[in-house]
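New notebook page. I want to get my bearings in this one before chasing any details.

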Amino acid sequence: MRPRPHALLRTNLLPILHARLIVVTVLVSLGVVVPCAGQPADSLAPSTNAVGVWAAGSFATGRLIGNIRRARVGLVGLRYHRLLAPASPSPSFDGPTLTYTADLLPVLFLSIPSGALPALPSDESSPARMSSSRPQDRTAVGVGVRPAGLRLTYRPHKRVQPFVAGSTGLAFFDRSVPNALGRSLNFMFDLGAGVRVVLTPTLTLTAGYRYHHLSNGFRGQINPGVDANLFRLGVTASP
């Protein structure tokens, strides 16, 4: 059975979304990163530079773009933050701030249960391909990088700061996913929202939700994709 047209249409959006997010990030960075300098006097104001560590795990799968159900996704990341705009918020400024983010992911985990894949193409007739297509559990671990990310933070001088954010990058697993007809190298992006809670002038706790997509961008023989609803928790430290 060949993939349904509407499923192919949803997954065809992936390369376009990747390209647009990367282009927007680069343009914004070139336009406003140069003026960013200095640290606001207000202790709750955002820092120009910061680093953090975070972890995220899935609690449900989605079907917005990907077709695989019941997959489990886990990530551990190291993050660099760079304040883009405004350069130096004054104590009276309470508008949104724009921050560039880049993530290094030393731990990626993906588990796909047997029977979770959609119907595969019916023309896979060779013995090797038919064997690869049989339903079976698939667990993979890997590493990744998300060099293009943006976060829009509201109420930057308050202790509780809501935000919306998104990022995109690459993931490399120790085996092909979602099965042998896929690829080890995959693309990923996420979109979501959350809150930042300022614990001390240099320490911030972050909690939020991300809708995370992972697929090989039609580089493999199949590309059903994995959508995951993630809960994310992190800690950020600034100089």
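**First look**

I began with burial: of the 239 residues in the protein chain, 47% count as buried. I am keeping in mind that this is a predicted model.

Next I looked up the surface. The accessible surface of the protein chain comes to about 11300 Å², and 68% of that belongs to carbon and sulfur atoms.

**Elements**

I listed the secondary structure and got two helices and eight strands. Read from the N terminus, the order is α-β-β-β-α-β-β-β-β-β.

How do the eight strands close up? They form a barrel, in the order β1-β2-β3-β4-β5-β6-β7-β8, with antiparallel pairing. I also noted the turn between neighbouring strands of this sheet, which is 25 degrees on average, direction ignored.

I picked one pair to look at in detail. Strand β4 (residues 138–153) runs antiparallel to strand β5 (residues 160–177), and ten bridges link them. I followed one bridge by residue: Gly 149 has Ser 167 in β5 as its partner.

Then I checked how far apart in sequence the contacts reach. Taking contacts between residues at least 6 apart in sequence, 71% join residues at least 24 apart.

**Salt bridges**

The count here comes to four salt bridges. I started from Arg 146, which forms one with Asp 103, with the closest N and O atoms 3.9 Å apart. Arg 146 is in strand β4 and Asp 103 in strand β3 (residues 97–112), so this pair ties together parts 43 residues apart in sequence.

Are these two residues buried or exposed? Arg 146 has 1% relative accessibility and counts as buried. Asp 103, at 3%, counts as buried too.

Arg 146 also has a salt bridge with Asp 190, and there the closest N and O atoms are 3.3 Å apart. Asp 190 sits in strand β6 (residues 183–200) and Arg 146 in β4, so the link spans 44 residues of sequence. I looked up Asp 190 as well: its relative accessibility is 1%, which counts as buried.

From Asp 190 I went on to Arg 210, since their side chains meet in a salt bridge at 3.2 Å, N to O. Arg 210 belongs to strand β7 (residues 203–215) and Asp 190 to β6, so here the tied parts are 20 residues apart in sequence. Arg 210 is buried, at 3% relative accessible area.

Which residues end up in one network? Through salt bridges that share partners, Arg 79, Asp 103, Arg 146, Asp 190 and Arg 210 are joined together.

Technical notes: Residues are numbered from 1 along each chain as its sequence is written. This is a predicted model: local features need pLDDT of at least 70, side-chain atom pairs count only at pLDDT 80 or more; totals for chains, interfaces and linings use all residues. Side-chain values use heavy atoms; hydrogens and water are left out. Helices (H or I, at least four residues) and strands (E, at least two) are DSSP runs, numbered from the N terminus. Buried means under 20% relative accessible area, exposed over 50%, partly exposed in between (1.4 Å probe, protein chains only). Contact means heavy atoms within 4.5 Å. Accessible areas come from the Shrake-Rupley method with a 1.4 Å probe; for residues, only the protein chains shown count as cover. Two strands pair if DSSP finds at least two bridges between them. Axes are lines fitted to C-alpha atoms, for helices over the stretch in contact, and angles run from 0 to 180 degrees between N-to-C directions.
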